[in-house]
Amino acid sequence: MLLSAYRENPEELEQIMTLPRLTGLEYYWFGKSQSIVSVYSHHRHMELDPAVADVVLTIKNDAKSCYTGPQSLRRLAERLDNEAADATFMEALSVLDDGKHVEASRRVEAMRCLSSRFLATADELQTAKERPVM
């Protein structure tokens, strides 16, 4: 089903196929992010900001300890952005009932929120790295 949707727009499939692979740590972070996305999409009473803040703090601490932390966070943010775009694209192609539409919208909202927070964190870590030590 997914490949047939991309037949009309092969450039988009090519772009997805050429995304850089995530490193082991990035893949671990992606899994933690997807866990938040999944829980948020299924629990309408859940607040997104506190959950995102917790996972971002944990991942930020990991990223501080590795040399490529800012670049890894940017790759993670890009992957989450692409996942959100794919989910939006697939939602547009399907006929969802109201409950599934809300669930899909919350998934996209969570992925975009995480992505923007990871980009901001990457910038923060990069700035701290470049700051001269006195």
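## Two helices running opposite ways

Helix axes whose N-to-C directions cross at an angle over 145 degrees count as roughly antiparallel. In this predicted model, the axes of α5 and α6 cross at roughly 160°. Helices α5 and α6 are therefore roughly antiparallel to each other.

The two axes come within 8 Å. The crossing of α5 past α6 is left-handed. Sorted by class, the contact between α5 and α6 holds 16 nonpolar, seven polar and seven charged residues.

## An oblique pair

How do the axes of α3 and α5 cross? They come within 10 Å, at an angle of roughly 45°. Angles under 35 degrees count as roughly parallel, and 65 to 115 as roughly perpendicular. The angle here fits neither range, so α3 and α5 are oblique to each other. Their crossing is right-handed.

Both helices supply named residues to this contact. From α3 come E26, W29, F30, S33 and Q34. From α5 come S72, L73, R75, L76, R79, L80 and E83. By class, the contact of α3 with α5 has five nonpolar, three polar and four charged residues.

## The nonpolar core

In soluble globular proteins, nonpolar side chains tend to be buried together. The largest nonpolar core in this model has 26 residues. Which members touch the most other members? They are V52, L73, L80, L114 and F118.

Four helices each give two or more residues to this core: α3 (24–42), α4 (48–64), α5 (69–93) and α6 (98–130). The largest share comes from α6, with eight residues.

## A closer look at L80

L80 is one of the core members that touch the most others. L80 is also one of the α5 residues in the contact with α3. What does L80 touch beyond its neighbours within four places in sequence? The list is F30, S33, Q34, M111, L114, S115 and F118. Of these, F30, S33 and Q34 belong to the α3 side of the α3 and α5 contact. L114 and F118 are, with L80, among the core members that touch the most others.

## A closer look at V52

V52 sits in helix α4. Is V52 buried or exposed? Buried means under 20% relative accessible area. V52 has 0% relative accessibility, so V52 counts as buried.

Leaving aside neighbours within four places in sequence, V52 is in contact with I36, C113, L114 and R117. One of these partners, C113, is 61 residues from V52 in sequence. In space, their C-alpha atoms are 7.8 Å apart.

Note on methods
Residues are numbered from 1 along each chain as its sequence is written. This is a predicted model: local features need pLDDT of at least 70, side-chain atom pairs count only at pLDDT 80 or more; totals for chains, interfaces and linings use all residues. Side-chain values use heavy atoms; hydrogens and water are left out. A nonpolar core is a set of buried Ala, Val, Leu, Ile, Met, Phe, Trp, Tyr and Cys residues joined through side-chain atoms within 4.5 Å. Buried means under 20% relative accessible area, exposed over 50%, partly exposed in between (1.4 Å probe, protein chains only). Contact means heavy atoms within 4.5 Å. Axes are lines fitted to C-alpha atoms, for helices over the stretch in contact, and angles run from 0 to 180 degrees between N-to-C directions. A crossing is left-handed if the near helix is turned anticlockwise from the far one by less than a right angle, and right-handed if clockwise. Ala, Val, Leu, Ile, Met, Phe, Trp, Tyr, Cys and Pro count as nonpolar, Asp, Glu, Lys and Arg as charged, and the others, Gly among them, as polar.
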